Amino acid sequence: MTVKRASAYVFPLVIAMYSPGCAPKVQPTMPPWDAPLAEFWQRPNDLASRDLFYGQWGKERAPDPDAIYTFVERKQHGTNPGVTVVDPLGREWHVKQPPHNDQGAEGPIEVTLSRVLSAVGYHQPPVYFVPSLSMADANGRTHAEPGGRFRLTEKSLKHAGTWSWQQNPFVGTRPYQGLLVMLMMFDNSDLKNENNALYDVKNGDGVQRWYVVRDLGTALGGTGRIPPQRGDLDIFEREPFITGVKDGFVEFNYHGWHQELVKRISPMDVAWASEWLGQLSDQQWSDAFRAGGYAPAVADRFIGRLRQKIAEGRRLGETIASPSSVPLPVPRLTVGSRR
């Protein structure tokens with residue numbers, strides 16, 4: 001059976017996982033056969049035709065880069081500056097702006113990762129990247145502001161709180177494990193529950209629940225805790241992905257928060273995630289980074305390293321699938337041109 005046809009539900013032999021210290025217990029909140037998987041992930045049967053520039057929400061919801069936005073309020077929390085504005089159509093936008101230090105802007109990263117995760121079946125809210133905006137203050141004076149990630153307050157989505165990485169209906173399922181693998185590929189350091197959003201989604205006459213990973217901007221650099229360097233191409237190219245396989249579980253070069261989440265990921269979980277990402281075309285990858293405002297030369301290098309990681313994950317799955325093989329660390333490829 002190929003990885004793509006493997007069941008989405010995989011109940012691990014060990015469902016409770018710990019890491020040293022006071023890490024919370026990691027376990028599903030219901031048996032995997034009862035988990036409402038569509039609330040977390042939906043198989044992308046039309047993956048080849050998906051638009052990674054405008055994303056699942058389309059061009060019609062995109063912000064107008066030439067519009068004058070009306071100021072509502074400044075962001076009062078978090079590590080990045082931001083502002084809430086309203087556009088001439090009356091739509092409310094939450095703009096995450098670049099930080100005042102050299103840690104790296106989150107907006108381009110967040111939009112790019114959101115496009116990729118949405119394409120392979122994970123729910124995402126409408127986000128776009130605009131490099132700068134014109135904003136009118138309360139006195140009617142207009143001035144330029146740094147742009148960034150624009151997240152639309154979409155009427156069909158009602159924010160309903162947060163959800164826990166450690167305890168939710170999907171722990172142990174292949175899409176849950178696979179999402180963690182994808183975040184490892186992008187060197188995401190911010191596996192915090194406060195970044196996870198629950199949405200109630202109006203769909204016709206009914207309402208569906210979505211489990212969403214938001215605030216994806218601490219990535220594409222090196223993993224760490226205080227503070228990780230994000231969006232650093234040189235670091236991203238040289239950092240390893242997989243460092244080995246021990247006792248049947250993959251060891252990642254991950255130094256971020258909540259190590260307990262990545263302690264029980266199997267080679268087949270890595271292969272599953274690699275197969276889905278590996279189906280994205282060169283154009284789709286380019287569109288995802290273009291959506292985040294990256295220059296083509298920079299995007300090509302990020303994409304080249306990601307394709308190396310995907311190939312590494314696929315080889316690991318092939319090695320484990322061979323009955324005569326012994327799980328060994330997979331060597332890194334030399335950074336080169338895109339394939």
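Start by selecting Asn 203 and Gly 206: Gly 206, in strand 10, is the bridge partner of Asn 203. You are looking at a predicted model, so local features need pLDDT of at least 70 and side-chain atom pairs count only at pLDDT 80 or more, while totals for chains, interfaces and linings use all residues. Residues are numbered from 1 along each chain as its sequence is written, and side-chain values use heavy atoms, with hydrogens and water left out.

**Stop 1: the open sheet**

Now widen the selection to strand 9 (residues 196-203) and strand 10, which run antiparallel and are joined by 8 bridges. A strand here is a DSSP run of E with at least two residues, a helix is a run of H or I with at least four, and both are numbered from the N terminus. Two strands count as paired if DSSP finds at least two bridges between them.

Add strand 7, and you have an open sheet of 3 strands in the order 7-9-10, with antiparallel pairing. Why is one side of strand 7 (157-159) and of strand 10 (206-213) left without a neighbour in the sheet? Each of these strands stands at an edge with a single partner strand, so there is no neighbour on the other side. From one strand to the next, the twist averages 30 degrees.

**Stop 2: Asp 215**

Follow the chain past strand 10 and pick Asp 215, in the loop between that strand and helix 3 (233-238). Is Asp 215 buried or exposed? With a relative accessible area of 17%, Asp 215 is buried. Buried means under 20% relative accessible area, exposed means over 50%, and partly exposed is in between (1.4 Å probe, protein chains only).

Show what touches Asp 215. Leaving aside neighbours within four places in sequence, Asp 215 is in contact with Lys 96, Glu 110, Arg 149, Arg 151 and Asn 195; contact means heavy atoms within 4.5 Å. Try a distance label on Asn 195 too: Asp 215 and Asn 195 are 20 residues apart in sequence, but 5.7 Å apart from C-alpha to C-alpha.

**Stop 3: the barrel**

Next, select strands 2, 3, 4, 6 and 5. They make a closed barrel of 5 strands, running 2-3-4-6-5 with mixed pairing. On average, neighbouring strands of this sheet are turned by 55 degrees against each other, direction ignored.

Zoom in on strand 4 (residues 92-96) and strand 6 (residues 142-152), an antiparallel pair joined by 4 bridges. Val 95 has Phe 150 in strand 6 as its bridge partner, and His 94 has Arg 151.

Slide over to strand 5 (residues 127-136), which pairs with strand 6 in the antiparallel sense over 9 bridges. Here Phe 129 stands opposite Arg 149 in strand 6. The hairpin of strand 5 and strand 6 has 5 residues between the strands, and Gly 140 takes a positive phi near 85 degrees there.

**Stop 4: helix 1**

Keep those strands on screen and add helix 1. This helix lies across strand 4, strand 5 and strand 6, at about 140 degrees to strand 5. For that angle, axes are lines fitted to C-alpha atoms (for helices, over the stretch in contact), and angles run from 0 to 180 degrees between N-to-C directions.

How many of the residues of helix 1 are buried? The count is 13 of 13. Helix 1 (residues 107-119) should span 18 Å at 1.5 Å a residue, and its end C-alpha atoms are 18 Å apart, which agrees. The expected span is 1.5 Å times one less than the number of residues. Just after the helix, click on Gly 121, which takes a positive phi of about 115 degrees.

**Stop 5: helix 4 and the core**

Jump to helix 4 (residues 267-278), with 12 residues and a reach of 16 Å from first C-alpha to last, close to the 16 Å expected. Of its 12 residues, 11 are buried, including Trp 272, Trp 276 and Leu 277.

From Leu 277, hop to Trp 285. Not counting residues up to four places away in sequence, Trp 285 touches Leu 277, Val 116, Phe 186 and Ile 310, among others. Trp 285 is also one of the residues with the most contacts inside the largest nonpolar core, along with Trp 165 and Phe 252; this core has 61 residues. A nonpolar core is a set of buried Ala, Val, Leu, Ile, Met, Phe, Trp, Tyr and Cys residues joined through side-chain atoms within 4.5 Å. Helix 2 (residues 174-185) gives the largest share of this core, 8 residues. A second, separate core has 20 residues, including Ala 67, Val 95, Leu 157 and Val 201.

**Last stop: the whole chain**

Zoom out: the chain comes to 6 helices and 12 strands. Buried residues make up 53% of its 339 residues.
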